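Hi,

Here is the structure I promised to pass on. Have a look at it first, and my notes follow below.

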Amino acid sequence: MSDILEEPSAFDSGTARYPREPRGKELLLLSLGALGIVYGDIGTSPLYALRVCFAGSHAVPLDSANVFGVLSLIFWTLVLVVGIKYHGWILHLDNNGEGGILALMELVRPGGRGRAARAVIGLVGLVGVALFYGDGIMTPAISVLAAVEGLAFFSPAAARLEVPISIALLVLLFYLQNRRTGRFGRTLGTVMGLWFLSIAALGVAAVVQRPEVLRAIHPIHALRFFDRNGVAGFLVLGAVFLVATGSEALYADMGRSGKRPLHLAWVALVAPALALNYFGQGALLLNDPEAVRNPFYLLAPQWALAPLVALATIAALLAAQAVISGAFSLTRQAVQLGYLPRVTILHTSSAEMGQIYIKGISWAGMLGTVVVIVMFRNSTRLADAYGVSIALTMAVTTILAYAASRSVLGWSRVKAGAITAFFLAITLAFVFASLVKIPRGGWVSLAAAAVTFTLMTTWRKGRQILGKRLEADTLPLDIFLDGVARKPRLRVSGTAVFMDRVSTGTPHALLLNLRHNKCMHERVVFLSVTTDSAPFVSRRRRVEIETLKEGFHRVNLRYGFMQDPDVPRALDGLKIGGRKFDMMDTTFFLGRETLIPKGALGMSVWRERLFALMSRNATSAMAFFRLPPNRVVELGAQIEL
């Protein structure tokens, strides 16, 4: 049995994972869950994607030839990008079951690569992460706006309420983030399953009336479309791309369900439902070009319009929820890997440990989403700006996938290079077609990504500078221990644990304690907490103990980047020096640095000030490592950067 299953509780492992291949009922339940957790984003794209091809700022004329061409492009985008690229290739590049940019980056960085190569991979990965955050404020807005726009079919007065209703729904969704339960999470799959069945049925009803629309499956229609429309046809790719924008979320959330459930859900329901609905919308446009104002809702008979609007709104909120949850998960990974400062992570369900809440990310996401809705006010204008960041993110994933295919799948340079080049060419076509969206509002997601990238690189660089300064000012441990042996100090009963950031020297907090209190505990532990490049580390591999001398010991706790450190739990019952840890007889000493920007160590003063600000607002080490407050002593020091 996998080491992952050796964890005594889900809190210790971070989230429930499926190390073995699920079968039977378990596979079906996981596939159902994947519909809500993973496929919400891509599943709500029929609300706006086809409409924008004929009604957006770079629309092509609505005639039968262009309908066939656009449908062919949509169909083959779903097949090539979502089906073959992500399901057939990218999802197999998992880091012990986890996916996403950070997991992929940590997968390809080790293994004897040179320092320069690791730096380049890290930089490329951070660009991808920042772009994911930039896209995160756009996806909830466009999904909910497009769904609520169905109110326009009831009355002009209702249409005027679309923006305030969308804002209210999203604010409520963000407000409820820290109140979710396991039961809330389990409803996602059922609702999205009903959604996919409904849009498939709507599509079938329209296709039956114009079955010739299915001829668009032939790729010749896509080729003729480009030949007939030239540059305008190429720019439509920016709208066609919207049918696949959920692919990155699919990869990022794969660890919540596993590959087999994702594949089954895609093949059995999601892909057929999407294709049928898009072909149904195309058939409707062939019959009635006036339906271009909203071909999705006009597929429904009048009696079904109200329940469809309600179902679409719920599905859009669930799609937004999936993006929000992805941002929380990505933030936890970034914190654990040292790319963002410590944050307080709240687990909102004792049953589903992937269900977490991060207050700062929730507030930032809510404000960003509200601003986006107020700026664009309808889904057509928003679609004209949407997709730039996610297209660039896909390009980053494709580039990193080359190295992962070589190391994980064992592919040759020729095979990995050929497949990467093929899919990178497709992705870059979408990127270049989306660049025209930047002046129309695409700059919003890029600006958000730029801010995120600046924060992450500043924090990473600042930590490196701070580490070098601490290391330079640290007394070598062997010299300190020799001094203790030659000149014994007063020893008091109990255990002192010094959280040790620089594991090669003497903790600064220990020296400060000696300077002020003139004594040491009879047992002293230097404790380091490190994050592994794998998402999970089992309890069996959690602790490394090194016995030094003079009653000193070094303990290293290892966690995966998807796990939350819990120091008291890891130390509970641990034997060091022949005695078990007793929390009531242990004192934790933490160093708290006050940073003084000087601009002398490789960062400009404004970035050092930003780093100092981030450091001051980071969650305390006591809270982050779950140390008991009544057993903690903090010792401060000023450090010039």
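A quick definition before the notes: by contact I mean heavy atoms within 4.5 Å. Helices (H or I, at least four residues) and strands (E, at least two) are DSSP runs, numbered from the N terminus. This is a predicted model, so local features need pLDDT of at least 70 and side-chain atom pairs count only at pLDDT 80 or more, while totals for chains, interfaces and linings use all residues. Residues are numbered from 1 along each chain as its sequence is written, and side-chain values use heavy atoms, with hydrogens and water left out.

Let's start with helix H21 (residues 413-434). Its 22 residues should span 32 Å at 1.5 Å a residue (the rise is multiplied by one less than the number of residues), and the end C-alpha atoms are 30 Å apart, which agrees. Buried (under 20% relative accessible area, 1.4 Å probe, protein chains only; exposed is over 50%, partly exposed in between) are Ala-416, Thr-420, Phe-423, Thr-427, Phe-430, Val-431, Ala-433 and Ser-434 of H21. They pack against helices H5 (64-87), H12 (220-235), H13 (237-240), H20 (388-407) and H22 (438-472).

Next, the inside. A nonpolar core here is a set of buried Ala, Val, Leu, Ile, Met, Phe, Trp, Tyr and Cys residues joined through side-chain atoms within 4.5 Å. The largest one has 171 residues, and Tyr-39, Trp-195, Phe-196 and Tyr-297 have the most contacts inside it. Helix H17 (residues 302-336) supplies the largest share of this core, 17 residues. Apart from it there is another core of 17 residues, including Leu-477 and Phe-589. As for Tyr-39, if you skip neighbours within four places in sequence, its contacts include His-87, Met-192, Phe-196 and Trp-266.

Now the charges. How many salt bridges (a side-chain nitrogen of Lys or Arg within 4 Å of a carboxyl oxygen of Asp or Glu) turn up in the whole structure? The search finds nine.

- Arg-51 pairs with Glu-149, with the closest N and O atoms 3.7 Å apart. Arg-51 sits in helix H4 (residues 49-55) and Glu-149 in the loop between helix H8 (139-148) and helix H9 (156-159), so the bridge ties together parts 98 residues apart in sequence. Both Arg-51 and Glu-149 are buried.
- Lys-259 and Asp-94 meet at 3.2 Å, N to O. Lys-259 belongs to helix H15 (residues 259-287) and Asp-94 to the loop between H5 and helix H6 (101-108), so this pair ties together parts 165 residues apart in sequence. Lys-259 is partly exposed because its relative accessible area is 22%, whereas Asp-94, at 18%, counts as buried.
- Glu-522 and Arg-579 meet at 3.6 Å, N to O. Glu-522 is in strand S4 (residues 519-531) and Arg-579 in strand S8 (residues 579-580), 57 residues apart.
- Arg-332, Asp-564, Asp-566 and Arg-626 are joined into one network by salt bridges that share partners.

Arg-626 is worth another look for its backbone: its phi is positive, about 60 degrees, although it is not a glycine. Arg-626 lies in the loop between helix H27 (621-624) and strand S10 (632-640), and is partly exposed, with 30% relative accessible area. Asn-96 also has a positive phi, near 55 degrees. You will find Asn-96 in the loop between H5 and H6. For background, most residues other than glycine have a negative phi.

Cheers
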